[in-house]
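I opened the notebook to record what I looked up in this structure, beginning with cysteines and going on to empty space and one helix.

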Amino acid sequence: MSEVIVVTSGKGGVGKTTTSANVGTGLAAMGKRVVLIDTDIGLRNLDVVMGLENRIVYNLVDVVENKCRIKQALIKDKRHPSLYLMPSAQTKDKTAVNPEQMVRMINQLREQFDYIILDCPAGIEQGFKNAIAGADRALVVTTPEVSAIRDADRIIGLLEANEFKQIDLIINRLRYDMVKRGEMMSAADVVDILSIPLIGIVPDDENVVIATNQGEPLVGNNTLAGKAYQNICYRVTGKEIPFIEFDKSVSFWTRVSGIFHKN
Amino acid sequence: MGIKHFFSRKKSRDIAKDRLKILLISDRVNCSPEMMEMIKTDIAKVISKYMKIDTQSMEIQISKTGIKGHDSKMPTLYANIPILDLHNK
């Protein structure tokens, strides 16, 4: 039984692509068969974050237009044998694909994969509609900033209107030092405002930039963000991993720094 | 920045929270903060006919989380109105 997950946010630049790459890679590292689909037509990025930009021959639009078979457009990951990427087209625009075509393609992919992860473009227009059309559940990415949270709320409303059964929240780029000083909303504040279940908190970590520079997802490695993404992957599969004490974030960071698997 | 100023300053976290709460209410119901303010004033006017209320600290908000027993997606208007004197003034 496969699951189709859309990673979305509304606002651009909050970490959808990074999240998609890391969650996909993490799930594949657990032995799951995973395909990552970049649905941002015209502005593809998932390929560079994954370090697979040199291997692209066919893309999503070619598949939809029947210029190639699905298998020809799938790029095998360098690191994990069960991970594939379907890149987006760089020369077309969002109107090259419609929601019905996406659903048809996803239904074909369901036979071969455990997880189909869709990296959604920013915005709420055609690209968003394409990305959510075939999805079963959503991961909404936000940062603890007013603009990102506002857009996330709008996206959640649209997902609910489209009858999504499961919508989970990822809070990205949280800075515990700022939360401690009272200059950033805590994870609990954000959850309180958006009122959807929290599935992960990713601390602001320079290693994310380094990993992107290298085209290597950092999930599972010994960095703060790497551990956070690993925990998100476990939770996506239904495993219960306790959160670091995010609700007491005002004073906890100094006390429990480094304890991610706290029971 | 003087030490007094430092202690009296409202933290930006709280400012962000307050701004978002108001903003999201109007986003969700598709009505402007001005309109919410008008609803608030009108409610205050009606209640004031019958009892003395604290109009300064009263709050109204529209929340997505419904009341028990109802459809959870039904938006609800909450009014928090402190009563100063229950008897008619």
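I searched the whole structure for disulfides, taken as pairs of cysteine sulfur atoms within 2.5 Å, and found zero over all chains. I then looked up two cysteines: A:Cys120 is buried at a relative accessible area of 1%, and A:Cys233 is buried at 0%. For these entries buried means under 20% relative accessible area, exposed over 50% and partly exposed in between, with a 1.4 Å probe and protein chains only.

I note that this is a predicted model, in which local features need pLDDT of at least 70 and side-chain atom pairs count only at pLDDT 80 or more, while totals for chains, interfaces and linings use all residues. Residues are numbered from 1 along each chain as its sequence is written, chains are lettered from A and ligands numbered from 1 in the order in which they are written, and side-chain values use heavy atoms, with hydrogens and water left out.

Next I turned to empty space. On a 1 Å grid over the protein atoms alone, a cavity is a set of points where a 1.4 Å probe fits but cannot get out, a pocket is an open set with protein on both sides within 12 Å along at least five of seven lines, and lining residues have an atom within 4 Å of a point. Grid points are joined across faces, edges and corners, and a volume is the space filled by probe spheres set on the points.

The second largest pocket has a volume of about 330 Å³ and is lined by 26 residues, with A:Gly13, A:Gly15, A:Lys16, A:Thr18 and A:Arg173 nearest its centre. I sorted this lining into 11 nonpolar, seven polar and eight charged residues, where Ala, Val, Leu, Ile, Met, Phe, Trp, Tyr, Cys and Pro count as nonpolar, Asp, Glu, Lys and Arg as charged, and the others, Gly among them, as polar. H1(A) gives the most to the pocket lining, with three residues; helices (H or I, at least four residues) and strands (E, at least two) are DSSP runs numbered from the N terminus.

I counted two cavities of 30 Å³ or more. The second largest cavity holds about 50 Å³, and A:Thr18, A:Ala21, A:Val208 and A:Leu218 are among the residues lining it.

Last, I checked H2(B), residues 12-29: its 18 residues should span 26 Å at 1.5 Å a residue, and its end C-alpha atoms are 26 Å apart, which agrees. The expected span is 1.5 Å times one less than the number of residues. Buried residues in H2(B) include B:Leu20 and B:Leu24, and just after this helix B:Asn30 takes a positive phi of about 60 degrees.
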